[in-house]
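Please open the model in your viewer and keep the sequence panel visible. The tour proceeds by selection: at each stop, select what is named and then read what is found there.

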Amino acid sequence: MGIIGSQIKPFSATAFQAGKDFFQVTDEDVRGKWAVFFFYPADFTFVCPTELENLGEQYAMLQKMDVEVYAVSTDTHFSHKAWHDTSDKIGKLQFPFLGDQNHVLATNFDVLREGVGLADRATFVVDPDGVIQIMEQTCEGVGRNANELARKIKAAQYVRANPGQVCPAAWEEGEETLAPSLDLVGKI
């Protein structure tokens with residue numbers, strides 16, 4: 001199944017976020033701004049807190065870019081709160097954690113490990129229209145890089161705002177882009 005370019009499917013999940021009561025997040029809440037769904041296998045694990053802390057270091061910048069981050073595992077919102085309250089790394093994080101104990105989100109994004117009940121380590125970037133623009137999935141032992149995620153989001157936002165332009169490999173904000181044409185074929 002090709003997930004890039006597809007609409008996110010309907011969902012409703014209970015979220016935990018530092019300093020707030022539990023609250024519901026739905027697919028409709030995501031519309032109108034950029035969103036990152038950051039799936040990880042489970043609370044109270046090993047690679048996950050390093051990734052989430054790294055993502056937390058980019059959270060303020062992502063918010064300035066009109067991007068909301070949702071950390072998602074198949075744990076409950078209660079487990080997310082307990083992890084937040086007992087872990088120094090997780091306790092610093094300000095973005096919402098979505099409980100997915102019914103596996104709706106993990107199934108919708110096709111990252112549920114069959115027979116295991118855990119989500120794969122995967123990241124999805126959704127545009128303001130609810131369309132998946134970026135996907136990254138790694139094996140359980142390989143953590144992701146939030147700096148690279150932020151770079152990719154900047155590129156996706158640039159391409160959306162500048163139809164007819166594309167961002168070449170390793171593009172950084174402010175660098176030259178390309179306008180695909182027959183004149184460029186075989187010259188790059």
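In which strand does leucine 98 lie? Select leucine 98: the residue belongs to strand S5. Please bear in mind throughout that this is a predicted model.

**First stop: leucine 98**

Is leucine 98 buried or exposed? Leucine 98 is buried, because its relative accessible area is 0% and a residue under 20% counts as buried. Next, add threonine 14 to the selection. Along the chain, leucine 98 and threonine 14 are 84 residues apart, and their C-alpha atoms are separated by 5.9 Å. Beyond its neighbours within four places in sequence, leucine 98 has contacts that include Phe11, Val25, Phe37, Val72, His80 and Leu105.

**Second stop: phenylalanine 97 and the cores**

Now select phenylalanine 97. With neighbours within four places in sequence left aside, the residues in contact with phenylalanine 97 include Thr14, Tyr40, Leu52, His80, Trp83 and Ile90.

To see a wider setting, select Val36, Leu52, Leu55, Leu62, Phe95, Phe97 and Ile153, which have the most contacts inside the largest nonpolar core, a group of 25 residues. Two or more residues of this core come from each of strand S3 (34-39), H2, helix H3 (59-64), S4 and helix H7 (146-161). Helix H7 gives the largest share, five residues. Apart from this core lies another, of 22 residues, including Val30, Leu105, Val111 and Phe124. In soluble globular proteins, nonpolar side chains tend to be buried together.

**Third stop: helix H4**

Select residues 77-86, which make up helix H4. Which residues of H4 are buried? They are His77, Ser79, His80, Trp83 and His84. These residues lie on the same side of H4, because they cover an arc of only 155° around the axis. An α-helix has 3.6 residues a turn, so residues three or four places apart point the same way. On the other side of H4, one finds Phe78 and Thr86 exposed.

Display the surrounding elements next. Strand S1 (12-16), H2, strand S4 (67-73), helix H5 (88-91) and strand S5 (97-99) are the elements against which the buried residues of H4 pack. At the N-terminal end of H4, threonine 76 acts as a cap, with a side-chain oxygen 3.3 Å from the backbone nitrogen of phenylalanine 78.

**Fourth stop: cysteine 48**

Move to helix H2 (residues 47-56) and select cysteine 48, which is located there. An unreviewed UniProt entry places the feature "active site" at Cys48. Cysteine 48 counts as buried because its relative accessibility is 2%. Apart from neighbours within four places in sequence, cysteine 48 is in contact with Tyr40, Pro41, Ala42, Trp83 and Arg121.

**Fifth stop: strand S6**

Select residues 121-126, which form strand S6. How many of the six residues of S6 are buried? The count is six of six. On one side are Arg121, Thr123 and Val125, and on the other are Ala122, Phe124 and Val126, so both faces of S6 are covered. In a regular strand the side chains alternate between the two faces of the sheet.

Show the strands that pair with S6. Strand S3 pairs with S6 in the antiparallel sense over five bridges, and valine 36 has valine 125 as its bridge partner in S6. Strand S7 (residues 132-138) also runs antiparallel to S6, joined to it by six bridges; here phenylalanine 124 stands opposite methionine 135. S6 and S7 form a hairpin with five residues between them, and glycine 130 in the turn has a positive phi of about 85°.

**Last stop: threonine 123 and arginine 144**

Within S6, select threonine 123. Threonine 123 is buried, since its relative accessible area is 3%. Its side chain makes a polar contact of 2.8 Å with the side chain of arginine 144.

Where is arginine 144 found? Select arginine 144 in the loop between S7 and H7. With a relative accessible area of 9%, arginine 144 is buried. The side chain of arginine 144 reaches the backbone oxygen of phenylalanine 39 at 2.8 Å, and a polar contact of 2.7 Å links it to the side chain of glutamate 51. Not counting residues up to four places away in sequence, arginine 144 also touches others, including Tyr40, Asn54, Arg121 and Thr138.

Notes:
Residues numbered from 1 in each chain as written. Predicted model: local features only at pLDDT ≥ 70, side-chain atom pairs only at ≥ 80, totals over all residues. Heavy atoms only, no water. UniProt positions renumbered as here; feature names shortened; annotations may be inferred. Helix = DSSP H or I, 4+ residues; strand = E, 2+ residues; numbered from the N terminus. Buried < 20%, exposed > 50% of the residue type's maximum accessible area, 1.4 Å probe, protein only. Contact = heavy atoms within 4.5 Å. Arc of directions from axis to C-beta. Polar contact = N/O pair within 3.5 Å; in protein donor to acceptor, adjacent residues only side chain to side chain. Core = buried A, V, L, I, M, F, W, Y, C linked by side-chain atoms within 4.5 Å. Pairing = 2+ DSSP bridges.
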